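Biologist: I have a few labels to ask about, and I would like to hear the reasoning behind each one. Shall we go through them in turn?

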Amino acid sequence: MIDLNHGSGATCDTDPRRFNIVSDQVNGAVDLMLTQRQRAQVPRTYIGASSIGRTCLRQIQYDYMAVPKDEGRDFEPRTLRIFEAGHKGEDIVAAWLKDAGFDLRTHGADGRQYGYVQLGGRFKGHIDGVVLRAPISMAVPALWENKVLGSASWQATVKKGVVRSKPIYAAQMAIYQAYMDLPNPALFTALNRDTWELYAELVPADPPLAQQMSDRAVHIVRACDHQEVLPRAAGDRRAKVCAGGHDDDHWHPPCAWQDRCWSRPS
Ligand code: SF4
C-alpha cells in the first residue's frame, strides 16, 4: 500500500503546466463526445414552440427544413455544455418545487413530456410541466415554464419581466397556454446558473399573441410547401439579428445560415 502520510516521501504533482495538459485532454475528450452526440441527433422536422417567436421568418424556415448550417456554424462545444446545464437545471428546479409543496407534473404516465401537435405534426411543442396544486396564491392548473440563464440575462429578466425581456419565451408560453388549454397565468421560473438564485413570475395568457404565433407557423409551413423562400428580417447582414448581438435590449445569437441567406439575390 502507498503511504500518503506527511513525510512518507510520496508527492502530488502540482506543476501547473502538467495540470493544464490534463485539463486540456479531459476537456478535449468531453468536447469530442458532446460534438459527436450532437451530430448523431436526427434533425427536427417540425417548427418548435421555442423557435416560433424568433425575429426572422427565413431563419425559422431554414431551421424547420433542416437546411445545413453554414460551414463552421454548428453549435460549439461550449454552447452544447450550456444547453446540457439548462436541461439539468430544469430537473433541479422541478425537484425544488415538488419538495416545496407544489404538485408539479412534468411527465405523463408513459414517461413522456406533455405537449401539443398541430399542422399534421409540423408545429409541435413540449411543455416543462403543469402545476396542479401550489403552496402559494395562484390559480391552477397552470403551465410551468423554466429557463436557466446566465447572470446578465437573468438580471434583465428580473428587471423587466419575462414578456418584455424575452419575447421569444413569451411567445412560447402563449402558444402552450392556448394549445394545452391552460388559460391561468403560467408560473415562469428562471434559474441563475451563476448564483443559483431563482426568479419566479406569473405570466397571464395572451390569446392574441398565441394566434399571431399560430398564424406565423401556418405561414411558414405553407411557404415551404410552395418552395417559397420567406423574406429576410434585415436589409443588411451586419444587422444584429443576422450577425448576432444586442438589439433594443434583445440578444440575438449569430444566425447559422448567414452565408447561404446573403448569397441569394433576395
Ligand atoms: S442571415 Fe439574417 S435575414 Fe438571413 S436567415 Fe439569418 S437572420 Fe434571417
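Biologist: Which residues are around the ligand, and what makes a residue count as near?
Modeller: This is a predicted model. A residue is near if one of its heavy atoms lies within 4 Å of the molecule. The residues around the ligand are Cys56, Arg58, Gln59, Arg232, Ala233, Val241, Cys242, Cys255, Gln258, Cys261 and Trp262.

Biologist: Which elements give two or more residues to that shell?
Modeller: Helix H2 (57–64), helix H8 (240–243) and helix H9 (258–262) do. The largest share, three residues, comes from H9.

Biologist: How do the residues of the shell divide into nonpolar, polar and charged?
Modeller: Seven are nonpolar, two are polar and two are charged. Arg58 and Arg232 belong to the shell, and Arg counts as charged. The space that the ligand takes up is the largest cavity.

Biologist: Why is the pair of Tyr116 and Tyr176 called edge-to-face?
Modeller: Two rings pair if their centres lie within 6.5 Å, and planes over 60 degrees apart count as edge-to-face. For Tyr116 and Tyr176 the values are 6.2 Å centre to centre and 65° between the planes, so both conditions are met and the pair is edge-to-face. A search of the whole structure finds seven aromatic pairs.

Biologist: Where in the chain do the two partners lie?
Modeller: Tyr116 is in strand E3 (residues 115–118) and Tyr176 in helix H6 (residues 167–179). They are 60 residues apart, and the pair links distant parts of the chain. Tyr116 and Tyr176 are both buried. Together with Phe123 and Tyr179, they form one aromatic cluster.

Biologist: What makes you say that the charged end of Lys124 sits over the ring of Tyr46?
Modeller: The distance must be within 6 Å of the ring centre, and the charge must also lie within 35 degrees of the ring normal. The charged end of Lys124 is 4.6 Å from the centre of the Tyr46 ring, so the distance condition is met. Lys147 likewise lies over the face of Tyr169, at 4.5 Å from the ring centre.

Biologist: Why does Thr195 count as partly exposed?
Modeller: Buried means under 20% relative accessible area and exposed means over 50%. Thr195 has 41% relative accessibility, so it counts as partly exposed. Thr195 is found in the loop between strand E7 (186–192) and strand E8 (198–203).

Biologist: How much of the chain is buried?
Modeller: Buried residues make up 36% of the 266 residues in the chain.

Technical notes:
Residues are numbered from 1 along each chain as its sequence is written. This is a predicted model: local features need pLDDT of at least 70, side-chain atom pairs count only at pLDDT 80 or more; totals for chains, interfaces and linings use all residues. Side-chain values use heavy atoms; hydrogens and water are left out. On a 1 Å grid over the protein atoms alone, a cavity is a set of points where a 1.4 Å probe fits but cannot get out, and a pocket is an open set with protein on both sides within 12 Å along at least five of seven lines; lining residues have an atom within 4 Å of a point. A molecule sits in a cavity or pocket if more than half of its atoms lie within 2 Å of its grid points. Helices (H or I, at least four residues) and strands (E, at least two) are DSSP runs, numbered from the N terminus. Rings of Phe, Tyr and Trp (its six-membered ring) pair if their centres lie within 6.5 Å; planes under 30 degrees apart count as stacked, over 60 as edge-to-face and the rest as tilted. Buried means under 20% relative accessible area, exposed over 50%, partly exposed in between (1.4 Å probe, protein chains only).
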